[in-house]
Each structure stands twice: as C-alpha cells, then as structure tokens.
Amino acid sequence: MLIAQISDSHFLAGGKRLAGRFDTGAAFARLIDSLERQTSRPDLILFSGDLGEDATVEEYAAVGAGLRRLGIPVLAVPGNHDARTPMRAELPDMLGVTDTGHLCLLEERFPLAVIGLDTLVEGKPHGELCPARLAWLKATLERVAGRPVLIFMHHPPMTTGLRHMDSMGLLEGREALADLVADHGAVEAILCGHMHRTIQGRCGSVPVRVAPSASHQIAFDLRPEEPYRFSTEPAQYMMHLWQEGAGLVSHAVAVAPAE
Ligand SMILES: [Fe+2]
C-alpha cells in the first residue's frame with residue numbers, strides 16, 4: 001500500500017502571496033501536477049492539515065477540486081489555519097466527524113486502518129486532544145484492536161527543538177495519546193505536519209514522522225530565542241510505503257518541476 005502525505009499547503013486564492021513571498025496557490029497547482037505525473041500511483045492521499053491559509057470556502061473549493069482531479073481517495077484533518085465549518089461545506093468526501101463535531105476519522109478499507117485526529121483549537125496556533133477527542137480515539141483503537149494502524153494529525157505530539165514552533169505544538173493530550181497508542185500495540189506511526197520540515201521522533205514508543213510543507217519550509221534553527229522564519233527549501237511531500245511484515249517506510253519527495 002502506497003500512501004502520499006500532503007501537508008501545510010496554506011492555499012491562498014486569487015494569486016495572493018503568503019508573507020508577501022509565497023504564491024501558495026501556484027505551489028498547490030505544481031503539487032497536483034507532480035502527483036499526477038508520479039510513476040507510482042498512491043492508493044490513498046492523507047492531508048495533514050493547514051490546507052488553506054485563511055480558511056475560506058473559496059480556498060477549500062479550489063483545494064478539493066485539485067485533489068479530486070487525481071481520482072485517488074483523500075482523507076484530511078484540519079490544521080491551525082483551518083476552520084471546520086467551511087471544510088465540511090467543501091470537502092465532505094474527505095472528512096470524518098465525531099458526535100462532538102470534531103473532524104476525526106477512521107478508514108477501514110485498506111490493510112492498514114487509518115485514523116485521522118483533529119487537533120485544532122479554532123483561532124489558536126497550538127493544538128490539543130481534549131477529553132472528548134481522546135475518548136473517541138480510545139473507542140476507535142478498541143474497534144481496530146489487533147490490526148495495524150496508521151494515525152495522522154496536524155500538530156506533532158513531541159518536542160522538536162524548534163522552540164517557537166514547539167510553543168504552538170500539541171499542548172494538551174500528549175501523554176494520554178502515548179498511553180493509548182502503546183495500549184493498542186500495533187500503531188505503525190503517527191504522521192504529522194505543522195512544522196514545515198521533515199522531522200523524526202516518537203510519542204512514547206511509537207514513531208512520529210513529520211512531513212515537510214508541500215509549499216514552503218521553515219528554517220532549521222535551534223536557537224531558543226529565535227522566532228521561526230521561512231526558508232527557500234523546496235516544496236515536498238511524503239510517500240509512505242506499507243508492506244506486510246516490513247512495516248512503514250517513509251520517503252520525502254520534492255515536488256518535481258513541470259517538464
Ligand atoms: Fe500549522
């Protein structure tokens with residue numbers, strides 16, 4: 001099973017530029033074009049949040065149209081720049097929704113059960129897993145007991161050393177998440193975004209793999225007093241290959257320029 005993971009497109013409509021620099025709408029078009037020309041066609045696409053920059057209906061309509069053009073199933077969870085209501089309006093085919101209105105999902109069609117976690121606190125940059133979302137996750141992991149599981153979410157449940165980004169990381173529910181995935185015993189990995197860099201770590205005993213941005217990256221700088229800043233590193237996405245017995249292998253792939 002081949003899974004493409006897209007993260008942090010921060011799509012802006014109408015050719016607007018993020019931070020005056022990045023034409024994220026054009027970057028998204030290049031991404032879709034690159035995925036379309038991939039020699040290995042993914043079975044599934046996961047979008048780990050920050051689909052849009054301003055969370056408008058217009059942004060989600062354009063993102064949805066681009067993704068649907070690929071003809072590959074897409075599952076998405078919100079990031080801190082997203083908003084649930086316009087996402088639900090434009091991307092109903094890509095989302096799950098819990099009884100408490102959170103955009104968490106379970107996909108059981110594949111050999112690997114896929115769980116998406118909504119870590120959004122609307123209007124805030126940090127993320128959380130509140131008691132309601134943790135209760136949903138506990139029940140969902142019980143439902144897929146004994147099966148290999150892949151979890152994806154926006155905010156990484158770990159400290160990365162990029163201090164300013166960590167201060168807007170997953171601030172609530174991290175230990176409870178570590179306990180739940182340990183109890184399940186067959187969570188292959190937790191895939192995240194938010195950091196705009198490729199980063200590996202763990203949550204308890206489970207690997208955490210952070211995807212780079214499909215548009216623009218954040219500079220590697222561990223000085224604690226430094227605010228985050230953007231870099232000119234290329235747009236990328238992940239290709240996760242899952243093979244029975246071998247587990248999950250993750251490749252970072254640069255968005256190929258159009259020939
Ligand atoms: Fe984010």
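**Figure 1. Overall dimensions of the protein chain in the predicted model.** The radius of gyration of the protein chain is 17 Å, in agreement with a compact globule, because a globule of 259 residues would have a value near 18 Å. The C-alpha trace spans about 45 × 45 × 35 Å along its principal axes. Six helices and 15 strands are present in the chain.

**Figure 2. Burial and contacts within the protein chain.** Of the 259 residues, 46% are buried. Among contacts between residues at least 6 apart in sequence, 67% connect residues at least 24 apart.

**Figure 3. Close-up of helix 1 (residues 24–36).** The end C-alpha atoms of helix 1 are 18 Å apart, which agrees with the 18 Å that its 13 residues should span at 1.5 Å a residue. Thr24, Gly25, Ala27, Phe28, Leu31, Ile32 and Leu35 are the buried residues of this helix. They lie on the same side of helix 1, because they cover an arc of only 160° around the axis. In an α-helix there are 3.6 residues a turn, so residues three or four places apart point the same way. The packing partners of the buried residues of helix 1 are strand 1 (2–6), helix 2 (57–68) and strand 14 (236–243).

**Figure 4. Close-up of helix 2 and its packing partners.** From first to last C-alpha, the twelve residues of helix 2 reach 16 Å, close to the 16 Å expected at 1.5 Å a residue. Buried positions in helix 2 are Glu59, Tyr60, Ala62, Val63, Gly64 and Leu67. The buried residues of helix 2 pack against helix 1, strand 2 (44–48), strand 3 (74–77) and helix 3 (84–90).

Methods. Residues numbered from 1 in each chain as written. Predicted model: local features only at pLDDT ≥ 70, side-chain atom pairs only at ≥ 80, totals over all residues. Helix = DSSP H or I, 4+ residues; strand = E, 2+ residues; numbered from the N terminus. Rg over C-alpha atoms; globule rule 2.2 N^0.38 Å. Buried ≥ 20, exposed ≤ 12 C-beta atoms within 10 Å, placed from the backbone. Contact = placed C-beta atoms within 7 Å. Expected span 1.5 Å × (residues − 1). Arc of directions from axis to C-beta.
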